Amino acid sequence: MKQSVMSADGPPQRAIDMSGQAMPNRSPRVQQSIHGAGEKRRAPSLGHLEAVAEDESTTVTHEALETESPVVEIDNFSLYYGAKQALFNVSMNVPHGKVTSMVGPSGCGKSTLLRSVNRLNDLIDHVRTEGSMRYGGMDIYSRNINVIELRKSLGMVFQKPNPFPMSIFENVVYPLRIDGEKRKNVLMEVCERSLRGAALWDEVKDRLHESALGMSGGQQQRLCIARAVAASPDVLLMDEPCSALDPIATAKIEDLIQELKGEYTILIVTHNMQQAARTTDYTAFMYLGRLIEYGPTLDMFTKPRCRQTEDYMTGRFG
Ligand SMILES: Nc1ncnc2c1ncn2[C@@H]1O[C@H](COP(=O)(O)OP(=O)(O)O)[C@@H](O)[C@H]1O
Ligand SMILES: [Mg+2]
């Protein structure tokens, strides 16, 4: 199992590469693991809107999720920025090999939850968490976890593309460089495979050694995805990866997400409801730091079980 993520000697490792991007993965793939129980409430299958929460602190989770194998299990997770609580008892399992979106009005805690999964919130002062998150069965918040290894397995793509001021080639192979890889053929092979994986190879193959900063925004975002992919993660965490892009670039990233699905588990934050509908298998609706409802995307749009979900999905607020 994923022993390498556990550090032998105790204290949590807070170091991170300069981008927060995933780094090369030398660890075995995650195994199937146990379901987290948490505060989830099984949605009664009584039909449309009949499961309006009597107790708003619990989540209505559709039973379809029970048939999935979870990669990340979030169990009763709360997070505080100082005195301010940003997440309230969130429980959700992220299914293996699927695309799961997190939606909800601005400020409801989507980015906070996403950052919690690979412990990027460690970098923010006065953050305190309660509850648990597991990855491949291991406690992400354990003192013994190797955070660097964890972030190799759970790669992050940010809202704003963050290419490094170096060549396209060096950007892609950066995770391998960090690991000390020097063999030209290995670097070239990973570079090409990752750029192909990110649907960017044909556009840049003749200018690999030019600066990445000269690329368009959409190309830069695909480059950042290529860099994340080069690290061979299990899970890609994406925080509104298309929000800074024009519709054509957005369409390319959406196609790419479809292609990456299956090989990777994708957890994506979006405020674009059409994008969630087009590209994702499951949708989690968050509101005021709580996970309100979680189910198959189609059902979340066409027959949500909570009034708040319906109001948000149909554009009545947010
Ligand atoms: N670094 C931070 N320090 C303090 N409060 C924060 C920080 N980041 C986010 N918050 C607060 O936490 C809440 C959730 O924010 P965020 O996770 O960014 O929401 P979303 O991504 O859904 O827009 C907001 O009230 C926001 O102001
Ligand atoms: Mg956000």
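1. Leu288 is found in the loop between β11 (282–287) and β12 (290–296). Its phi is near 50°, which is a positive value in a residue other than glycine. Leu288 counts as partly exposed because 14 other C-beta atoms lie within 10 Å, and a residue needs 20 or more to be called buried. The model is a predicted one, and this backbone angle should be read with that in mind.

2. Ser232 also deserves a check. Its phi is near 50°, again positive in a residue other than glycine. Ser232 sits in the loop between α6 and β9. With 22 other C-beta atoms within 10 Å, Ser232 is buried.

3. The helix ahead of that loop is α6, covering residues 217–230. Its 14 residues reach 20 Å from the first C-alpha to the last, close to the 20 Å expected at 1.5 Å a residue. Of those 14 residues, 13 are buried, so α6 is largely enclosed by the rest of the structure. The positive phi of Ser232 follows this helix.

4. On the other side of the Ser232 loop is strand β9, residues 235–239, which is joined to β8 by four bridges. The two strands run parallel. Leu154 of β8 stands opposite Val235 in β9. Within β8 (residues 154–157), Leu154 and Met156 point one way, while Gly155 and Val157 point the other way. Are these four residues buried or exposed? All are buried, on both sides of the strand. In a regular strand the side chains alternate between the two faces of the sheet.

5. A separate point concerns the antiparallel sheet. Four strands form an open sheet in the order β4-β3-β6-β7, with antiparallel pairing. The edge strands are β4 and β7 (138–139), each of which pairs on one side only. Strand β3 (residues 70–81) is joined to β4 by eight bridges. Val72 stands opposite Val94 in β4.

6. Which residues surround ligand 1? The shell consists of Tyr81, Lys84, Ala86, Gly104, Ser106, Gly107, Cys108, Gly109, Lys110, Ser111, Thr112 and Ile124. The elements giving two or more residues to this shell are β4 (84–95) and α1 (110–117). With three residues, α1 gives the most. By residue class, the shell divides into four nonpolar, six polar and two charged.

7. For the protein chain as a whole, the secondary structure comes to ten helices and twelve strands. Buried residues make up 49% of the 318 residues. Of the contacts between residues at least 6 apart in sequence, 72% join residues at least 24 apart.

8. Confidence should be stated alongside any use of the coordinates. The protein chain averages a pLDDT of 84, and 82% of the residues score at least 70. Two stretches need separate handling. Over residues 6–40, pLDDT stays under 50, and the model has 99 contacts beyond four places in sequence for them. Residues 43–54 also stay under 50, with 23 such contacts. Where pLDDT is low, the predicted coordinates should not be read in detail.

Technical notes. Residues numbered from 1 in each chain as written. Chains lettered and ligands numbered in written order. Predicted model: local features only at pLDDT ≥ 70, side-chain atom pairs only at ≥ 80, totals over all residues. Buried ≥ 20, exposed ≤ 12 C-beta atoms within 10 Å, placed from the backbone. Pairing = 2+ DSSP bridges. Near = placed C-beta within 6 Å. Nonpolar A, V, L, I, M, F, W, Y, C, P; charged D, E, K, R; others polar. Expected span 1.5 Å × (residues − 1). Contact = placed C-beta atoms within 7 Å. pLDDT = per-residue confidence, 0-100.
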